[in-house]
Amino acid sequence: MTLSEYLYENIYRKGFEKTWSKLVGGVLLAFLNILMFLFLMPIGGIYPAMADWGIWIYRLAGINIQPPWGSLELPHLSIISVLTFGLLFGFFLAALFSKQFKVRKDTVSGYLQGFIGGALMGIGSLLVGACIIGGFYSAVMTLSLSGFYMMGGLIIGGYFGGKVLMWQGHRKAKKIVTEIKIILKGSVEKEYKSRQPITGILLVIVLFAIASAYFLSGKNLLGGIILFGAAFGIVIQRSAFCLCGAFREIFTTKKNETMRSLMISLAIGVIGFTIIKANGFRPADMFVLPAGWSSVIGGAIFGFGMVITGG
């Protein structure tokens with residue numbers, strides 16, 4: 001077996017042709033977050049990044065709006081924006097290498113439901129002060145009470161959102177018309193060789209070029225952030241590890257695989273974060289967010305929105 005054949009069979013096929021288990025995804029995400037917390041910062045801040053982009057759009061339109069959290073940085077110099085770009089890089093890379101990238105269409109009602117769900121997620125993030133990744137996932141790992149408050153809200157929102165999905169499912173089930181697909185015997189389907197992995201390789205080169213530019217210009221934090229973000233994106237896409245699925249499935253399909261993997265991931269993160277803080281590598285109050293009823297209410301609104309949106 002040649003080196004290229006070995007790499008193809010043991011790395012590419014296992015890594016991108018087969019979906020990883022939820023447990024593997026949860027464990028990898030926990031360790032990535034521990035490493036990121038040790039060297040940079042815990043994952044979070046996607047919601048403020050979108051708020052920054054909104055302010056930039058307003059400014060391009062001639063409306064001067066000041067951000068409530070301090071000075072507004074250029075997108076390529078903002079930690080939260082660069083982290084979000086890294087996540088998008090990772091999602092896109094994993095989809096290309098696994099030949100799963102596709103522009104999918106939906107119905108008008110589906111787009112409307114997605115818009116409403118997205119708006120509710122935005123409102124929930126505003127009340128919590130962070131999105132589900134920073135306000136819940138990383139916050140619980142730092143033992144911030146706000147993370148547990150938001151978790152309670154997410155359970156409430158997931159329950160009612162699940163009820164809506166089940167109601168929609170029952171309605172669609174009544175309208176199902178059986179379609180018989182006739183498969184012609186002897187017909188041969190042409191093999192389609194996707195060029196998506198080649199595009200993925202080019203995107204990897206672009207990713208490392210951007211990271212190198214940050215490192216060479218002395219912006220090591222941003223270089224590390226974009227690489228960590230890409231790693232998070234790859235793991236999430238390949239394992240289909242969805243925080244929304246964890247809170248949705250326990251009420252709809254009654255399955256607990258994703259939730260169980262999430263709890264294991266959080267437990268690993270709590271241990272890692274506690275060791276890091278106990279040894280003085282990070283301040284004890286780092287990433288401890290304000291907690292209150294706004295965290296519960298915001299979590300419930302966010303949870304309902306993410307479930308009816310689908311992710």
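Biologist: How far does helix α12 reach from its first C-alpha to its last?

Modeller: Keep in mind that this is a predicted model. Helix α12 covers residues 293-309, which is 17 residues. At 1.5 Å a residue you'd expect 24 Å, and the span in the model is close to that, at 24 Å.

Biologist: And which residue just after α12 takes a positive phi?

Modeller: Inside the helix, the buried residues include G303, G305, M306, V307 and I308. Just after α12 there's a phi of about 105°, and the residue that takes it is G310.

Biologist: Which element gives the most to the lining of the second largest pocket?

Modeller: That pocket holds about 450 Å³ of space. Its lining has 18 residues, and those closest to the centre are S109, G110, Q113, Q168 and K172. Two or more residues come from each of α5 (108-128), α7 (145-174) and α12. The top contributor, with 6 residues, is α7.

Biologist: Of the residues in that lining, how many are polar?

Modeller: Split the lining by residue class and you get 5 nonpolar and 4 charged residues. The polar count is 9.

Biologist: Zooming out, how much of the exposed area do carbon and sulfur atoms supply?

Modeller: The protein has 12 helices and 0 strands, and 42% of its 311 residues are buried. Of the contacts with a separation of 6 or more, 78% are between residues 24 or more positions apart. The protein exposes about 18,000 Å², and the share from carbon and sulfur atoms is 69%.

Technical notes
Residues are numbered from 1 along each chain as its sequence is written. This is a predicted model: local features need pLDDT of at least 70, side-chain atom pairs count only at pLDDT 80 or more; totals for chains, interfaces and linings use all residues. Side-chain values use heavy atoms; hydrogens and water are left out. Helices (H or I, at least four residues) and strands (E, at least two) are DSSP runs, numbered from the N terminus. Buried means under 20% relative accessible area, exposed over 50%, partly exposed in between (1.4 Å probe, protein chains only). Contact means heavy atoms within 4.5 Å. Accessible areas come from the Shrake-Rupley method with a 1.4 Å probe; for residues, only the protein chains shown count as cover. The expected span of a helix is 1.5 Å times one less than its number of residues. On a 1 Å grid over the protein atoms alone, a cavity is a set of points where a 1.4 Å probe fits but cannot get out, and a pocket is an open set with protein on both sides within 12 Å along at least five of seven lines; lining residues have an atom within 4 Å of a point. Grid points are joined across faces, edges and corners, and a volume is the space filled by probe spheres set on the points. Ala, Val, Leu, Ile, Met, Phe, Trp, Tyr, Cys and Pro count as nonpolar, Asp, Glu, Lys and Arg as charged, and the others, Gly among them, as polar.
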